[in-house]
Amino acid sequence: MIVPLTHVLAFSGALFFLGLACVLARRNLIMILIGVEIMINGAGLALAGGSAFWQNIDGQILVILLMALTSAEVSISLAMVVYLQRRRGTLEANAYNEMHG
Amino acid sequence: MNPNLLFLILLLPLCGALINGLFGLRLPRALRGAVAVGAVAASFASVCLLWPLAAGEGTRTILGTWLASGNLRADFGLLFDPLSAAMALMVTGVSTLIHLYAVGYMHKEADTARFFALLNLFVFAMLCIVLADNLLLLFLGWEGVGFCSYGLIGFWYAKVENAAAGRKAFLVTRVGDVFFAIALLWLFAALGQLGIPEINALAPQLSPTAVTAIALLLLAGACGKSAQLPLMTWLPDAMAGPTPVSALIHAATMVTAGVYLLCRLFPLVSLSPTAMTAIALVGAVTALYAASCALAQREIKRVLAYSTMSQIGYMFIGVGAGTVSGAMFHLTTHAFFKALLFMGAGCVIHLCHEENDIYRMGGVARRSPLVFALFLAGALCLAGLPFSGGFFSKDGILLAAYAQGDGWFRLIWLLGLASALLTSLYSFRLLLLVFAGEPREKVHKHHLPGLMRWTLPPLALLGLFGGLFNLPPAYGGGERLHHWLGSLAGSLPVVDHAREFQLAALAGGLFLLGAVIAWWRYRRFPGEQPSALKNFLLHGWQADAVVEWSLLKPFRAIGRFFWEGLDRTLIEGVLHTLAGGAMREGETLRRWTNGRLSTYLSGFAWGLLALLLWFLLVLAKSAGPPHT
C-alpha cells in the first residue's frame, strides 16, 4: 500500500466531520442531504482503506453496498425534497416541525 | 315409624321458602301466604304425628354425611329427644299462628314473596338449631337464623333506619357467634367429637378449667343470640321489622336459641359451678336492666322488646340454677304470651293508624274489646298474675334460684324479685296507657282483618293455662314437662311446700304492688313529664352511647388513622411523590422532541461525541497506544 493507512483514516475522518459540520450548520434540506452524502463517502473511504491494508475483500464489498444504498437513499430523499418544495414552497428544515411532542 | 320421616319437620319449611323464594313472584298473592302457612302447619303436624319417637331416649337419625375429613365428621343428623321435641312442638306451633297472622298483617304489602320466603327460611333455620344432633349443623342453623333476622328486620329496607337495624342485629349477634364458634372448635379439639350426645357423655373427661372456659364461651354465644348483657343492644332496634317478625324473633325463635343451646349442652355446662353462677348472674342482671328500661319506653313494641330481654334473663337464671325444665317451661309460656302480646300490639298499632307511641294512644279498650281482652291476658301472664302460665314458670325459676342457697344465688334471687316487681309495673303501665281513658289523638275507624284477630285466642288460652304443662306438686300438679324431659331436665329445687307457698305469696304480693303503683301513677295519663332519669332509661341506660364511646369511636379512630394517617398520607404520599417526579422529568424530556430536524441532528452529534470520548477513554485505559 503506497499511502499509509493513517493518512487514509485521517482523510476519511476529516471528510466525515466536514460532512457532519455541513449537516449541523445548514438549514436547507438539500444541503443537509449533501452533508450526509459526504459523511457516507468518508465512511466508505475508511472501509476501502482498511480493505486494502488488511488485504481483505470484505471492506470493498461493503463499499459497493454503501454505494447502492446511497443511490437508493438519494433517489428517495430527492423525490421527497421535490414533493416538499411543491407542497410547502420551502426547504427550510425547521419549517417541518409538526412531529414535536 | 320410619325415623327418617323426622326430616319432614325440617324440610317442609325449607320447601316453602324455596317455592316462595324462587317462584313467589309468579304465584298469585293468596297462594304465597298459603304456601308459607301450609309448610309450617305441615311441619307442626309432623311434629305431632312423630311425637312418639321422642319418648325415652329419643330417636337419632342420619340422612347423610355432610362433612367427613380425618377425625371431623358432621352428618345431616337429627336428634329427636324429649327436649328437642318439646322445643320443636312449641316453635312450629307458635310459628304457624304467627304465619297465619302475618297473612292478615301483610295483606296490603307488595313484596310478600320475599317476606314469606324469609319467614319460612327462618323457621327452617330455627328447627335446624332445635333438632341438630351435632354442633356443626346447629351452628348452621344458628347462622341461618342470624341471616334471616337480618333480612326480616330490615324488610322495609327503603328506610335507612330499618336497614341499619337489620345490620346491627346481624353484627352484634355475630360477636356472640364468634365465641360460640371458638367453643365448638375447642370441644372438637379436646374430644374429637361434634355430636351433642357424645359431647355431653364425654364432658366429664375435660379438665375443670377447660369446662369452665368452654361453658363461658357458650354463655357468650348464647348472650349474643338471646340479647343478654352486654350484647343486648340489637334487640330494641330490631323492632324496625314488621310486627309478625317481632313476634317470631321474640317469641318462638332466635332469642330462645341461646337458652336452648345452654339447655342442650346442660350436662357439659353444669360441670362448672363458676359458669353456672355466671349464667344466672348474667340473666339476673339483664332481667333487672331490661325491666327498668321497659319502664320508660314510649314505643309499644320497644316495651315488649325490653320485656323479652328481661324474661329471657329469667330463663338464664333457670339454667344457671340448674333447672332445665324450669327454663324450658318459662321459655314455652313466654313464647305463648309474648307472641300474643306482639301480635296484639300489631293489632293496636293498626287500630291507632300505625301509631307506635303509647303516649299518643289511649282508649283502645273501648274501640276493640276483643283486642283489649287478649292483650290483657298476655300482659297478666307477663306480669305474673297468680295461677297464670307466666306465674308458675317464673316462680319455678325464682324458687330454683332461692333453693341454691346463700351467696351469689341469694343476690340473683333478689334481683329476680326486683325484676318481677318492675315487670308487673311496666305491664300495667303499658295496659293503662294504651287501653284506658280517652284517645289522646284523633283516630279514624280501622278494621282489623279476621286473621289478625282470630289467631290470638289460642295463644291467650295457652298463655293463661300454660301452667298446667308443668304444674308443681305443691299445687297438686305432676310436673309433666319435668318428667317428660327425663334425664335432660336438670335438678329439681328441694324446698318444702310451706316455703314454696310463702315465695308464691311474695310473688303475688309483688304483682299486686306493681299493679297498684301503676294504677296510682297511670290511671289518668299524667303527661309526658320528661326527666333525666326517664331519658336515661328510655335510651336503655345509654347502652348505645357506651358502645359508641368504648368501641365504635376508638375503632373509627384507628380506622381513620390507617386510612388517612397511613394509607393516604404515607403510602399514597410516597407514590405521589415518585409519580410526580417522573411526570416532571417526562415534561422536561418532552421539550427535546420539538420536531425540529436540527435539534435531533445535534442530538446525534452530541451522542457521537460522547461515544468517541468513551472510545478514547477505553483506548487510553488499555495499555499502550493502539495497534495500527
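**Cavities and pockets of chain B**

**Figure 1. Lining of the second largest cavity.** The residues that line the second largest cavity comprise seven nonpolar, one polar and two charged (nonpolar: Ala, Val, Leu, Ile, Met, Phe, Trp, Tyr, Cys and Pro; charged: Asp, Glu, Lys and Arg; polar: the others, Gly among them). The model is predicted, so that local features need pLDDT of at least 70 and side-chain atom pairs pLDDT 80 or more, whereas totals for chains, interfaces and linings use all residues. Residues are numbered from 1 along each chain as its sequence is written, chains are lettered from A and ligands numbered from 1 in the order written, and side-chain values use heavy atoms, without hydrogens and water. The second largest cavity has a volume of about 70 Å³ (a cavity is a set of 1 Å grid points, over the protein atoms alone, where a 1.4 Å probe fits but cannot get out; lining residues have an atom within 4 Å of a point; volume is the space filled by probe spheres set on the points, which are joined across faces, edges and corners). Its lining consists of Ala383(B), Gly384(B), Phe391(B), Lys394(B), Asp395(B), Leu398(B), Ala420(B), Ala507(B), Leu510(B) and Phe511(B). Helices H18 and H23 of chain B each contribute at least two of these residues (helices are DSSP runs of H or I with at least four residues, strands runs of E with at least two, numbered from the N terminus). The greatest contribution, four residues, is that of H18(B).

**Figure 2. The largest cavity.** The whole structure holds two cavities of 30 Å³ or more. The largest cavity encloses about 110 Å³. It is lined by 13 residues, and Asp395(B), Gly396(B), Leu399(B), Glu500(B) and Leu503(B) are the closest to its centre. Two or more lining residues come from each of helix H18 (389–403), helix H19 (408–435) and helix H23 (497–522) of chain B. H18(B) supplies the most, with five residues. The lining divides into ten nonpolar, one polar and two charged residues.

**Figure 3. The largest pocket.** The volume of the largest pocket is about 1300 Å³ (a pocket is an open set of grid points with protein on both sides within 12 Å along at least five of seven lines). Among its 46 lining residues, Glu161(B), Ala165(B), Asp237(B), Met239(B) and Ala240(B) lie nearest the centre. The elements of chain B that give two or more residues to this lining are helices H3 (82–105), H6 (160–191), H9 (234–237), H14 (300–320), H15 (324–351) and H25 (543–592). H6(B) gives the most, namely nine residues. The lining of the largest pocket contains 23 nonpolar, ten polar and 13 charged residues.

**Figure 4. The second largest pocket.** This pocket occupies about 420 Å³. Ala86(B), Leu89(B), Thr332(B), Phe336(B) and Phe469(B) are the closest to its centre among the 17 lining residues. Helices H3, H15, H21 (456–465) and H22 (480–485) of chain B each give two or more residues to the lining. The largest share, six residues, belongs to H3(B). The lining of the second largest pocket comprises 14 nonpolar, two polar and one charged residues.

**Figure 5. Chain B around these sites.** Chain B contains 26 helices and two strands. Its radius of gyration is 32 Å, well over the 25 Å of the globule rule for 628 residues, so chain B is more spread out than a compact globule (C-alpha atoms; the rule is 2.2 Å times the number of residues to the power 0.38). Along the principal axes, the C-alpha atoms fill a box of roughly 130 × 65 × 55 Å. Of the 628 residues in chain B, 53% are buried (under 20% relative accessible area, with a 1.4 Å probe and protein chains only).

Key:
Buried < 20%, exposed > 50% of the residue type's maximum accessible area, 1.4 Å probe, protein only.
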